[in-house]
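Visitor: I would like to learn how to read a model like this one. Where should we begin?

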Amino acid sequence: MTKLLRLAGLAVVLVVSLLFAVFVGDQGPWYFAWVIGTVMIILISGAGAIMLDAQSSLSSDGEI
């Protein structure tokens with residue numbers, strides 16, 4: 001059952017991305033770069049927050 005739901009979710013993502021590509025037309029590469037850049041900024045800032053938390057928990061005096 002979970003494989004069916006996963007397949008249905010991927011199908012929905014595929015349809016949404018195809019509709020997005022049709023609607024944006026020539027602006028597609030710009031929007032693609034914007035989405036990828038936004039995701040990368042979020043992932044890098046999340047990794048930085050995790051590293052900061054790990055450093056503060058390993059520190060003996062609580063200062064970094």
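Guide: We begin with the word helix: here a helix is a DSSP run of H or I with at least four residues, numbered from the N terminus. Val39, for instance, is found in helix H2. Keep in mind that this is a predicted model.

Visitor: How many helices and strands does the protein chain have?

Guide: The protein chain has two helices and zero strands. Helix H1 covers residues 2-24 and helix H2 covers residues 28-58. Leu19 lies in helix H1, as does Phe20, while Thr38 belongs to helix H2.

Visitor: Why is the protein chain described as more spread out than a compact globule?

Guide: One compares the radius of gyration with what the globule rule gives. For 64 residues the rule gives 11 Å, and the protein chain has 19 Å, well over that, so the chain is more spread out than a compact globule. The C-alpha atoms fill a box of roughly 55 × 40 × 10 Å along the principal axes. One pair to look at is Leu19 and Ser59, which are 40 residues apart in sequence and 50 Å apart in space, C-alpha to C-alpha. Another is Thr38 and Ala21: 17 residues separate them along the chain, and 18 Å separate their C-alpha atoms.

Visitor: What share of the 64 residues is buried?

Guide: A residue counts as buried under 20% relative accessible area and as exposed over 50%, with partly exposed in between. Buried residues make up 5% of the 64 residues in the protein chain. The accessible surface comes to about 5,800 Å², and 75% of it belongs to carbon and sulfur atoms.

Visitor: Take Val39, Thr38 and Leu19. What is the relative accessible area of each?

Guide: Val39 has 41%, so it is partly exposed. Thr38 has 30% and is partly exposed. Leu19, with 44%, is partly exposed.

Visitor: Next, the aromatic rings. How is a pair described?

Guide: By the distance of the ring centres and the angle of the planes. Planes over 60 degrees apart count as edge-to-face, provided that the centres lie within 6.5 Å. By this rule the count comes to two aromatic pairs. In one of them, Phe20 and Tyr31 are edge-to-face, at 5.9 Å centre to centre and 75° between the planes. This pair links distant parts of the chain, with Phe20 in helix H1 and Tyr31 in helix H2, 11 residues apart. The C-alpha atoms of Phe20 and Tyr31 are separated by 9.6 Å.

Visitor: Are Phe20 and Tyr31 buried, exposed or partly exposed?

Guide: Phe20 has 41% relative accessibility and counts as partly exposed. Tyr31 has 31% and counts as partly exposed. Trp30 and Tyr31 form an aromatic pair that is edge-to-face, with 5.1 Å centre to centre and 85° between the planes. Trp30 is exposed, since its relative accessible area is 52%. Phe20, Trp30 and Tyr31 form one aromatic cluster.

Visitor: Which residues form the nonpolar patch on the surface?

Guide: A residue needs over 30% relative accessible area to be part of a patch, and nonpolar side chains are joined within 5 Å. The patch includes Phe20, Trp30, Tyr31, Trp34, Val39 and Leu43, and its residues have about 1,100 Å² of accessible area together. Helix H2 gives the most to the patch, with 10 residues.

Visitor: Which residues does UniProt list for "transmembrane region"?

Guide: In an unreviewed entry, UniProt lists residues 7-25 and 31-52 under that name. Such a listing may be inferred rather than shown by experiment. In the model, residues 7-25 are 95% helix and 0% strand, with the end C-alpha atoms 27 Å apart. Residues 31-52 are 100% helix and 0% strand, and the end C-alpha atoms of this span lie 32 Å apart.

Methods: Residues numbered from 1 in each chain as written. Predicted model: local features only at pLDDT ≥ 70, side-chain atom pairs only at ≥ 80, totals over all residues. Heavy atoms only, no water. Phe/Tyr/Trp six-rings, centres within 6.5 Å; stacked < 30°, edge-to-face > 60°. Buried < 20%, exposed > 50% of the residue type's maximum accessible area, 1.4 Å probe, protein only. Rg over C-alpha atoms; globule rule 2.2 N^0.38 Å. Areas by Shrake-Rupley, 256 points an atom, 1.4 Å probe, with all protein chains shown as cover. Patch = residues over 30% accessible without salt bridge, like charges linked within 9 Å, V, L, I, M, F, W, Y side chains within 5 Å. Salt bridge = Lys/Arg side-chain N within 4 Å of Asp/Glu carboxyl O.
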